[in-house]
Amino acid sequence: NCTIYTHCHSSIVIGILRKARAVGRRFTVINTETRPLYQGRITSNELSRLGIRNLHYVDSAMRLGIKQAEIVLLGADSILNNGKVVNKIGSELAAETAFRFRIPLYVCAMSWKFDRESLHRKEVKIEDRPYKEVWERPPRNVKVLNPAFEIIDSGLIKGIVSEYGIFEPKR
């Protein structure tokens with residue numbers, strides 16, 4: 001019985017887990033809530049419907065969840081030409097934690113997630129979401145920051161899984 005960690009929500013990761021379950025693999029999934037919009041709840045709901053055991057952690061307990069896992073599977077919003085991956089905020093922290101504990105991390109994405117614009121060295125713009133998603137009316141002198149994504153360094157990624165196979169990212 002294997003333990004798999006994931007963060008946020010990825011339909012590709014869910015598809016991989018669904019297939020693994022269908023061929024008789026036994027495993028438990030640990031995932032995080034993914035604030036402020038709680039996309040991790042989507043993952044937990046889908047896993048529950050598939051009959052897959054799931055431990056749902058608060059984001060700040062991510063390290064505890066990852067330490068229990070044998071493998072980390074993350075989705076990708078974009079895969080850059082240099083092997084780096086853009087994904088939901090918290091993904092780089094998950095990657096750094098997995099690397100520290102020598103737990104392999106695989107990014108799972110369809111090939112259309114490969115960013116052709118990055119071939120031309122175009123800078124990646126990281127989206128900042130509205131502060132009101134975090135705190136509707138913060139006190140005066142408090143600035144709320146709500147970055148939506150971050151970039152995972154390729155050195156933290158064991159492989160990129162796509163419909164064409166598993167690739168080692170450029171280092």
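The following exercises, with worked solutions, go through the fold, the surface and some single residues of one predicted protein model.

Residues are numbered from 1 along each chain as its sequence is written, and side-chain values use heavy atoms, with hydrogens and water left out. Because the model is predicted, local features need pLDDT of at least 70 and side-chain atom pairs count only at pLDDT 80 or more, while totals for chains, interfaces and linings use all residues.

**Exercise 1. The elements**

State how many helices and strands the protein chain has, and in which order they run.

Step 1. Helices (H or I, at least four residues) and strands (E, at least two) are DSSP runs, numbered from the N terminus. On this basis the protein chain has four helices and 10 strands.

Step 2. Read from the N terminus, the order is β-α-β-α-β-α-β-β-β-α-β-β-β-β.

Step 3. The radius of gyration of the protein chain is 16 Å, close to the 16 Å that the globule rule gives for 171 residues, so the chain is as compact as a globular protein of that length. The radius is taken over C-alpha atoms, and the globule rule is 2.2 Å times the number of residues to the power 0.38. Along the principal axes, the C-alpha atoms fill a box of roughly 55 × 40 × 30 Å.

**Exercise 2. Inside and outside**

Describe burial, contacts, surface and charge for the protein chain.

Step 1. Buried means under 20% relative accessible area, exposed over 50%, and partly exposed in between (1.4 Å probe, protein chains only). Of the 171 residues, 42% count as buried.

Step 2. A contact means heavy atoms within 4.5 Å. Among contacts with a separation of 6 or more, 74% involve residues 24 or more positions apart.

Step 3. The chain exposes about 10300 Å², and carbon and sulfur atoms supply 51% of that area. Accessible areas come from the Shrake-Rupley method with a 1.4 Å probe; for residues, only the protein chains shown count as cover.

Step 4. There are 28 positive and 18 negative side chains, and the centres of the two sets lie 5 Å apart. Lys and Arg count as positive and Asp and Glu as negative, while His and the chain ends are not counted. The place of a charge is taken as NZ of Lys, CZ of Arg, CG of Asp or CD of Glu.

**Exercise 3. Cysteines**

Find how many disulfides the structure holds, and explain why Cys 2 is not bonded to Cys 108.

Step 1. A disulfide is a covalent bond between the sulfur atoms of two cysteines. Here the criterion is a pair of cysteine sulfur atoms within 2.5 Å.

Step 2. The structure holds zero disulfides. The closest cysteine sulfur to that of Cys 2 is in Cys 108, 13 Å away, which is too far for a bond.

Step 3. Cys 2 is partly exposed, at 28% relative accessibility, whereas Cys 108 is buried at 2%.

**Exercise 4. Backbone features around β2 and α2**

Locate the cis peptide bond and the positive phi values of Cys 8 and Thr 34.

Step 1. The peptide bond from Arg 35 to Pro 36 is cis, with omega near 5°. Pro 36 lies in the loop between β2 (27–32) and α2 (39–49).

Step 2. Thr 34 is found in the loop between β2 and α2. Its phi is near 65°, a positive value in a residue other than glycine. Thr 34 is buried, at 1% relative accessibility.

Step 3. Cys 8 is not a glycine either, and has a positive phi of about 70°. Cys 8 sits in the loop between β1 (2–7) and α1 (11–22) and is buried, at 9%.

Step 4. Gln 39, in helix α2, touches both Cys 8 and Thr 34, along with His 9, Glu 33 and Lys 88, when residues up to four places away in sequence are not counted. Gln 39 is buried, at 17%.

**Exercise 5. Pairs distant in sequence**

Give the C-alpha separations for Ala 69 with Pro 104 and Ser 154 with Gly 83.

Step 1. Ala 69 is in the loop between α3 (62–67) and β4 (71–74) and is buried, at 7%. Its C-alpha is 9.5 Å from that of Pro 104, 35 residues apart along the chain.

Step 2. Ser 154, in the loop between β8 (149–152) and β9 (159–162), is buried at 5%. The C-alpha atoms of Ser 154 and Gly 83 are 5.1 Å apart, with their positions 71 residues apart along the chain.
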